[in-house]
Amino acid sequence: MLKEYKSMTQEEMYTLVHEIYIEGCMENAREKYPDATDLTTAIQQEEDSFVCFLQDFFTLPENTYYVLEKDNMLVSAARLSKINDFYYLEALETPPKYRKKGYASELLNEMITHLHQQGSVDIRDCVSKTNTASLVTHKKCGFFIAEENGIYYPSNTVNNKTYGMRYFIR
């Protein structure tokens with residue numbers, strides 16, 4: 001079941017972090033604090049930082065989080081921001097134990113269907129050039145490479161390590 005969130009409680013935010021984004025928090029903690037003797041504390045700092053980010057994210061009414069649930073378990077998630085006349089997709093993630101089951105594709109397809117019911121859909125995203133699984137998933141759902149170097153639209157910066165992906169339907 002696809003769930004759409006325009007806001008979340010702090011408890012829901014921490015659940016999202018623990019269920020979907022814990023792998024990323026662990027990677028970020030190792031990268032930001034390479035000399036940390038207590039990795040648990042570094043991971044907690046990353047989780048807290050992510051929750052603070054989400055609190056800011058939800059201050060804009062057009063920002064939305066989409067979460068796919070199966071058997072009451074969070075299996076995939078992504079956030080969507082409205083920028084000018086298009087949506088910007090970020091943080092499409094599926095935890096390792098749920099990968100290769102089609103959940104990210106299911107989330108994207110259901111999200112696109114939901115958005116298309118409201119009108120035409122223009123979604124842009126940056127995907128790492130080395131993330132084959134994400135590139136395949138995006139293409140499977142109708143995205144195409146629109147830019148050789150991705151644009152991170154919130155800050156309007158170009159990243160030559162990503163492709164600019166786009167989905168468009170009237």
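Me: At roughly what angle do the axes of α2 and α3 cross?
Reply: Keep in mind that this is a predicted model. Two packed helices are described by the angle between their axes and the distance between the axes. Here the axes of α2 and α3 come within 8 Å, and the crossing is right-handed. The angle is roughly 115°.

Me: And which residues of α3 does α2 meet?
Reply: Let's start from the α2 side, where Ile22, Cys25, Met26, Asn28, Ala29, Arg30 and Lys32 take part. On the α3 side, they meet Leu39, Ala42, Ile43, Glu46 and Glu47.

Me: Over to α1: within what arc do its buried residues fall?
Reply: Helix α1 spans residues 10–19, and its buried residues are Met13, Leu16 and Val17. Looking down the axis of α1, you'd see them lining one face of the helix, because they fall within an arc of 95°.

Me: What do those buried residues of α1 pack against?
Reply: There are both helices and strands in the list. The helices are α2 (22–32) and α3 (39–57). The strands are β2 and β3.

Me: Which strands stand at the edges of the sheet?
Reply: Seven strands form an open sheet with mixed pairing, in the order β1-β2-β3-β4-β5-β9-β6. The two edge strands each have a single partner strand, so one side of each is left without a neighbour in the sheet. They are β1 (2–5) and β6 (144–147).

Me: By how much are neighbouring strands of this sheet turned against each other on average?
Reply: Take the strands as neighbours in the order β1-β2-β3-β4-β5-β9-β6. With direction ignored, the average turn is 30°.

Me: Which residue in β2 stands opposite Tyr5?
Reply: β1 and β2 pair in the antiparallel sense, over four bridges. Across from Tyr5, in β2, you'll find Tyr65.

Me: What angle does the direction of α1 make with that of β3?
Reply: α1 packs on the sheet, where it touches β1, β2 and β3. Its direction and that of β3 make an angle of about 115°.

Me: How many residues of β3 are buried?
Reply: Strand β3 covers residues 73–83, which is eleven residues. The strand is mostly covered, and the count of buried residues is nine.

Me: In the hairpin of β2 and β3, which turn residue has a positive phi?
Reply: β2 (residues 64–70) and β3 run antiparallel and are joined by seven bridges, with Glu69 opposite Leu74. Two residues sit between the strands of this hairpin. The one with a positive phi, about 50°, is Asp71.

Me: What about the hairpin of β3 and β4: which turn residue has a positive phi there?
Reply: β4 is made of residues 86–93, and it pairs with β3 in the antiparallel sense over six bridges. Within that pairing, Ala77 has Glu93 as its bridge partner. The hairpin has two residues between its strands, and the one with a positive phi of about 55° is Asn84.

Me: Is Asp122 buried or exposed?
Reply: Asp122 is found in strand β5 (residues 121–128). Leaving aside neighbours within four places in sequence, its contacts are Asp85, Phe86, Tyr87, Arg166, Tyr167 and Phe168. Its relative accessibility is 8%, and under 20% counts as buried. So Asp122 is buried.

Me: Which side chain makes a polar contact of 2.7 Å with the side chain of Asp122?
Reply: The side chain of Asp122 makes a polar contact with the side chain of Arg124, at 3.1 Å. The polar contact at 2.7 Å is with the side chain of Arg166.

Technical notes
Residues numbered from 1 in each chain as written. Predicted model: local features only at pLDDT ≥ 70, side-chain atom pairs only at ≥ 80, totals over all residues. Heavy atoms only, no water. Buried < 20%, exposed > 50% of the residue type's maximum accessible area, 1.4 Å probe, protein only. Pairing = 2+ DSSP bridges. Arc of directions from axis to C-beta. Contact = heavy atoms within 4.5 Å. Axes fitted to C-alpha atoms, helices over the stretch in contact; angles between N-to-C directions. Polar contact = N/O pair within 3.5 Å; in protein donor to acceptor, adjacent residues only side chain to side chain. Left-handed = near helix turned anticlockwise from the far one by under 90°.
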